[in-house]
Every structure is written in structure tokens, then in C-alpha cells.
Amino acid sequence: MAKYALRAVALGYLMFLLVIPTGLIFWKTFSAGIGPFFEALTSPSALHAFQVTLIVAVWAVVLNTIFGVGTALLLVRRQFPGKRVLNLLVDLPVAVSPVVVGLALILVYGAFSPAGAALAKVGIQIIFSLPGMVLATVFVSLPLVVRAIAPVLEELGTDQEQAALTLGANPIQTFVRITLPGIRWALGYGIVLCLARSLGEYGAVAVVSGRIVDQTQTLTLFVEERFTNFEEGQAYAASVALALIAVVSLLLTKLLRPKEDR
Amino acid sequence: MTTTVVPAGAAAPAGPGQPEKVPVSAGRRQHRAGTAIGLGTAIIYLSLIVLIPLAAVVWKGAGRGPGFFWDAITTPEAKSTLLLTVGASMLVAVLNLVLGTLIAWVLVRDSFPGKTIVDTLIDLPFALPTIVAGLVLLTLYGPKSPLGINLAYQRSGVVVALLFVTLPFVVRTVQPVLLELDRDMEQAAASLGAGPWLTFRRIILPNLLPAMISGTALAFARAIAEYGSTVLISGNIPFKTQVASVQIVSQIESDNMAGAAAVATVLLVVALVVLLTLDLIQRWGARRG
Amino acid sequence: MAIEVRDVNKNFGKTPVLKDITVDVPSGSLTALLGPSGGGKSTLLRVIAGLENPDTGTVVISGVDATRLSPQRRNVGFVFQHYAAFKHLSVFRNVAFGLEVRKQPKDKIRARVMELLELVHLQDFAERYPGQLSGGQRQRMALARALAVEPQVLLLDEPFGALDAQVRKELRSWLRRLHDEVHVTTVFVTHDQEEAIEVADRIVLLADGKVVQTGSPHEIYDHPANEFVMSFLGPVTRIDGHLVRPHDIEVSLDPSPGATEAIVSRVVRLGFEVRVELTIGEQEAFAQLTRAHADQLGLAPGTAVHVRPAAGAKALPVPA
């Protein structure tokens, strides 16, 4: 009896918190057919938002993948003083509010800060433009690749790398031919997580972008702007598009998640 | 073991004095240089993107002395905002502690058709953009709710939004521990005459505790910091539904950077405390093996 | 000499692991680094390969000072205890690895790899992945991989340590035969004295980070440098202030010159052999007899006997 009660509570909670609300926007979006959905998503503003979102996300993923692989190698393979501090610092962005991220970047790179003013002089604008949005997105998704790879790298051990060295491979050959294939699933997993987080980031980007329609508006900002301007149809359409991306990345991570015997 | 027989062929240059120290080899030097360059790059990257900006927040918020800082976070608006944020986050953390553990339990110990789908769904709040989460909840629990439940612009709406985004934390930290938990212990307890409730309380609960606390702390930290999902449903009413993140944004928009930074500093301190606590819990859990 | 190690010291933190090690490995030999666990054998092997750097001392390989060379440039073949198989590469690609990174032409690689796979009897497994091989097969693949680059020396770290007893025995004699065919200077680490004596033509005995004795298996067996070496190489017992191997003890019912009186306390029949446990005064000792001999003497608990080391047997005087 207790078993069914527990199951009912768990499923009921998930139903009302997750399933029904998410299902409802799909229903609302598609109740009038698929036509209005595509129409809403192919408006010039929506297309532009897609484009901005993609540019920002790709930059963030590329930067964080390079940083992630390098840092994971450092943390797992090398010895140096202050390793524990670096380890903690890598996790810091998870706990920081996206809004604080935005504020922090404005304070350092905004037009009224020394660094921002200096950069403005040479014609580089960070805040209220793409570079700032990339920085914000990099910030919030920073630990994902490191944390996906590090345990796998640890488990992989150094035997295979040492074997490659004794067989005459140089460090770069060893990395490309032995280490990288050893962590490829974990790396894929980390990249998908990072991409999903980057595509869906809202708070940090909202603060640093200045929310300029048709310029710095990402898809998530588009959702909010359309909703507050009573264009619910467009807001729902964009939300559904983002939700679909979320579901796909969820399934991909399920597939790539490091398992035994891979 | 005093005799050391050296092979005959070894006419070693056993000169007097200390043997010469081997100079650092080329490979070793390369290795060290690699570590130094890598570490330098990582630190520059972290500094430019994370450390310097966060330091700037603390400097802006608290740099003019504790008096200014205290005044900035105790304006009536800031105070009500911080109290609401902390209160709502605590409530959400406790609800997560209970319901998250319960869900993890059902996912591990129960079996029913569609369990895999439910298990996959748990991660949805992590994958779904927060603004979409907010919109989704507003559709069901807003003014046009098909259920007739309107939580929009209410504190309860904020709590529901926070429950949505924090759902996976406790489930995902407790689930693997529960999976690995030795069933023999429970059977041993049962054979010693313990009933199900006693077994749960005395055997299972102590083993789950580190994971439960970790998950709850993570959920709390996330709730404190949350912005996107609360924007639409809270309606952003000062003294009623305005959470800290939302208040920071409106301060930024009205160009009160110092005020925004002061509240942000409080959030940062809470985040740091939670991170350090988690580190300690992990060590504690590891020691208990 | 293929390998000359001179005055090598190595500490891990504050713990000394190798203390003034000087070892020579003759060209073409099959040398065992033998010793108890924690004696520094594996570390010495890794120093020779360049996987560890010595704090002091030099390593010369084929007349070239290799102390400061990276493992990549030493041209040694190294076989790891747990194989270190490249899991994502087929058996063929594993063996080809060293040739591929040396940018050898494809057809040459193919020919060399197939030749080696035949040598290690894995020609039918070329397209399999390491995960699909047994432990012994993986070990042979690792050996072929190390041999592919025509190393100046072949280094094996506890090569049979992770295998079960049966496979272990097979691979031992196979390694011996392989060495007779290929003739590459080979050094292997083992903690199993039987394995060292059976396979190697030279043994370097290491304990506590020091070389205790070097020589051919029979030199070491017949002339152990000290108590430690003698007891490490097999069971020993004490009679009359001497360390003696139990099968070297003569047991007779009648007194004889130089013999000590003893009382049989227990007779254990171990198939073909019989272990006779003795009490000599306050001390316990034991002797190993053939079954026929024991039967002929009619030994039983309580029998009074006379024991002495057999003529020509190794008997090390030990302080009482």
C-alpha cells in the first residue's frame, strides 16, 4: 500500500510541476496547426534572434571546450601548488546568479569602467554587444566541459599514454591518438551540455545585451519580449522551439553519458 | 643484509663524495613548461571572465566600507527582497529534500511502466531555458489557467517557479547513492527484527544523509540565484514578489550600480558558503566511506 | 653492455626507493629483476625506460647516455603489467602504433605487423579489439606492439602478474622460446622466484631499494649471498645454527658424525613428498623427504632421529 502511495505522490508532483505545464504550451502552440508555428519562427526578428543565439552559443562552446580540455588535463594529470583552489574556482560559476554575472561583466567591461573605456577607444564594444554576451555565456557554462571530462580522464589512467610515449609518440601525437579517443564520449557529453546551456541562457545575457531588438536579442530574450508585448503566439512558438532543443539535447546526453565499458 | 654483491662488470666510477645530481632532462623540462603555460592560460581565462568581474562586484558593493554596504542591503526594498529570496529558497530547499528523496526512492525501488521516461524527464528543468520554464508555469498557473489556479504575482508563484528549476538536484544526488546501497544491510536489519520504518530511519537514512544534504544545499544555492523563471510569474512587485535577482536587474536598469552590487555581494557570499559547505560534506561523506 | 645503470638514487617525496643502484645488463641476455614487493624493481625498470627520472646517477643504453632522453627517444619496448592496450584501436592498429607515429610507409607497416602477429600467434585476431581478447592474448599483443619498433631493449613490468596460474605457466616458457628466436635484450620484473629461475639467464635481486645479489639463476641458488637471498629463493629451515633447505637435510635413525638429535612431531604427506616436522631441543625445524624414504624409515610422531645437512648442500651459518 505504502508503495502505491509513494508512487502516486511522486508521479502526481511531477505531473503538475513538469508534464502538464510543458505539455500545455505544446498544445497551445500547435492547437491551430503547424502553420502559425512556422510563420512565427520565420519572422525577420525571430530569424535574427536564432542567428544571434547560435553565434553566441558556438563561441561559448568552442572557448569552453578548449579551456575545459586543457583544465581537465591540468587538474588530473599535472601536479602544481594551488590545485585545490583551481578546482574550487572552476565550480564557482555554477553557484553564481546569472544576474550577478551580468552585473560583474558590466562593472569591468562597461563603458564607464577603465577597461571598457580603453577598449571603446580602439573601437571594441563589449557590453550591449556580442562580445559581452559571449563572455556572459562562457561564464555560466564554464564548468560543464571540465566536469564531464575530468572523471573519465582520471579513470583512463596514464598507462596507455606512457605506452604511446615508449613507442615513440610525441606528446601531441599521444594526446591526439590516445587521450582524445579515450575521452571522446565524455567530451561529446560535455559539449552537448555546454551547448544546451548556452542556447538557453537568459539572465546573464539579458543584463549584458541591453535587449536591443533585432540586434542583441537572443531567442530567450525574444520569448520574454514578445510575451510582455502581448504577442503570445510568437512567444509560445519560440518557447516550443527552445523546448525541442532542450529535449533533443536531453536525449543526446542520455546517449553519451559516460557508462561502464565504453 | 649487509653483503652487497656488485656485478663483476660494474667498474663504476665510484668516486668519493656525493654523486652528481642529474640535471633536469629535456622531457621533464618540457613537461614543467607545459604545466606552467597551461596553468597560466587557465588562470588568465578564469581571471578575465570570472575572477576580476566578481571582484569588481564585491568592490563596488562593499568597497566603500561596511557602513555603506549595510545601508545598501537594509533599504526597505532590499531588505524585503532578500528576506523573500532567502525565505522562499529555504522553503523550496526543504520541499526538495522531502519530495526529491521520495522521487529518487520511487525511481530506484519501484517499477512501473514508463519509468525510464519519467527518469529522463527529471533532467528537463536543467535543459529547459529558465524563461521558457517561467512561461510554461504561467500558462498553467497564470491568469488564464485552465485549472483556475492563478498564482501569478503571488509569492506562491515564485515558490512554484523555484521548485521547477531546482527539482533535479536532490533526485540526482540521492539516486546514485540509493542505487549502490547494499540491500544486505536492510535484510540484516529485518532479520534482526526491525520493521520497515525502523529500517529506513536507522539504516537507510543515515547512508543517504550526505547526498540529501548536498542536493538540498545545491537546490538552495540555485533558488537564491534564480532569475529567469521568476521574471514572468512574479510580476516583479516590490515588497511582495520581487526576488533578489530581479531587484538587481531593476537597480542596474535604473543605473544604481552600487545598490545592485551590494545585493549581488550578499548572493555571492551565500554561493561561496554553500560551495565550501558542499566541499566539507563531500569530505565528510568520503570519510564515512 | 646493453644497459648500464650507475649509482641511481630515487626518492618519492621523502621515501628513498632506489639507493645507489648499479646494474649491468649484457646484450642479448634475458634478465630478471627479482625481489619482494616494494623493493624498487618496477621503479628501476621505469627509470630505464625514462618513465621516471632518477634523482642522481646515469642510465646508458647501447653506449648512449640516455639519462636525459625522454621515453619517446629511448627506443625501448615497454610492456605494462596491465597491458595498457589502446582500447579504441584494433589489435592490428595497436601493434602498428609505433610504426605509424614514425611515419613508415603503409605496406611496410602491414608486413611488419602481420609478421609480429604471427610471432605471437595472434594473426587471426588482427581486426579484433582488445576488449574481445583474453588476458593472455592481450599480453601477447602488448609484447608484439613493443617489439614492432625494433627496440634496443625490451622491458616487461610483471608481465604475467595479472594472469591466472595456468596461462602464466604457458606464457613463461613461451617468453623463453620467443627470446631465443628474437634475441632482443630483455629485462623483466617479477616477485616470483620460480618464474625468475625458470625464465631468466641472469637475475638481479633487489630488496629495500638496493641490489642484493646479481648472477645466473644457479649461481644465486647455489651461492646465496646472505640469509635473505636464501630464504627468498625457497623454503628454508634451521638446524644446528645453520640455514638449510629442507630437502637438503639427511634424516637417519642412527647417530652419524655431525648429526643432531631430533624428535619427529608430525608427518605430513603431500602426495609425492613428505614433510617431516621436527623438534630439536626447544626449536622447530622441518625436512622434506621422498615418500619412499620416509616409509623406509618408518617415521611417526615421537620417533627419535638424527639430522644433518647433506654433503655439499648449502648451509649458511646464522647467529642463534
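## Ala169 of chain A

Apart from its neighbours within four places in sequence, Ala169(A) is in contact with Ala164(A), Thr174(A), Gln72(C), Phe97(C) and Val101(C). The model in which these contacts occur is a predicted one. Ala169(A) lies in the loop that joins α8 (159-166) to α9 (171-182) of chain A. Its relative accessibility is 0%, and Ala169(A) is therefore classed as buried, the limit for that class being under 20%.

## The interface of chain C and chain A

Two of the residues that touch Ala169(A), Gln72(C) and Phe97(C), recur in the account of this interface. Together with His88(C), they are the residues of chain C that lose the most area to chain A, the three making up 33% of what that side buries. In the interface as a whole, 22 residues of chain C are in contact with 17 residues of chain A. The buried area is about 1800 Å², and carbon and sulfur atoms give 60% of this area.

One salt bridge is counted between chain C and chain A. Arg177(A) pairs with Glu100(C) in a salt bridge whose closest N and O atoms are 3.1 Å apart. Six residue pairs are in polar contact across this interface, both residues of each pair being at pLDDT 80 or more. On the side of chain C that touches chain A, at least two residues each come from β6 (76-79), α2 (91-101) and α4 (135-148). The largest share, four residues, is supplied by α2(C). Classified by residue type, this side of chain C holds twelve nonpolar, four polar and six charged residues.

## The interface of chain A and chain B

The size of an interface is often expressed as the accessible area lost when the parts come together. Between chain A and chain B, the buried area is about 6600 Å², with 80% given by carbon and sulfur atoms. The contact involves 74 residues of chain A and 78 residues of chain B.

Five salt bridges are found across the interface of chain A and chain B. Arg84(A) and Asp279(B) form a salt bridge, with 2.6 Å between the closest N and O atoms. Polar contacts between the two chains number 13 residue pairs, with both residues at pLDDT 80 or more. Helices that each supply at least two residues to the side of chain A facing chain B include α1 (2-30), α3 (44-77), α7 (130-156) and α13 (232-256). With 18 residues, α1(A) gives the most to this side. The side of chain A that touches chain B comprises 52 nonpolar, eleven polar and eleven charged residues.

## The two domains of chain B

Chain B is assigned domain 1 (25-62) and domain 2 (65-288). The centres of these domains, taken over C-alpha atoms, are 32 Å apart. Six residues of domain 1 and nine residues of domain 2 take part in the contact between them.

The two domains of chain B bury about 590 Å² between them, and 76% of this area is on carbon and sulfur atoms. Within domain 1, Lys60(B), Gly61(B) and Ala62(B) lose the most area to domain 2, together accounting for 61% of what that side buries. Zero salt bridges are found across the interface of the two domains, and one residue pair is in polar contact, both residues being at pLDDT 80 or more. The side of domain 1 that touches domain 2 consists of four nonpolar residues, one polar residue and one charged residue.

Methods: Residues are numbered from 1 along each chain as its sequence is written. Chains are lettered from A and ligands numbered from 1 in the order in which they are written. This is a predicted model: local features need pLDDT of at least 70, side-chain atom pairs count only at pLDDT 80 or more; totals for chains, interfaces and linings use all residues. Side-chain values use heavy atoms; hydrogens and water are left out. Buried means under 20% relative accessible area, exposed over 50%, partly exposed in between (1.4 Å probe, protein chains only). Contact means heavy atoms within 4.5 Å. Buried area is the accessible area (1.4 Å probe) that two parts lose on being put together, summed over both. A salt bridge is a side-chain nitrogen of Lys or Arg within 4 Å of a carboxyl oxygen of Asp or Glu. A polar contact is a pair of N or O atoms within 3.5 Å; within protein, one must be able to donate a hydrogen and the other to accept it, and residues adjacent in sequence count only if both atoms are side-chain atoms. Ala, Val, Leu, Ile, Met, Phe, Trp, Tyr, Cys and Pro count as nonpolar, Asp, Glu, Lys and Arg as charged, and the others, Gly among them, as polar. Domain bounds come from an automatic or database domain assignment.
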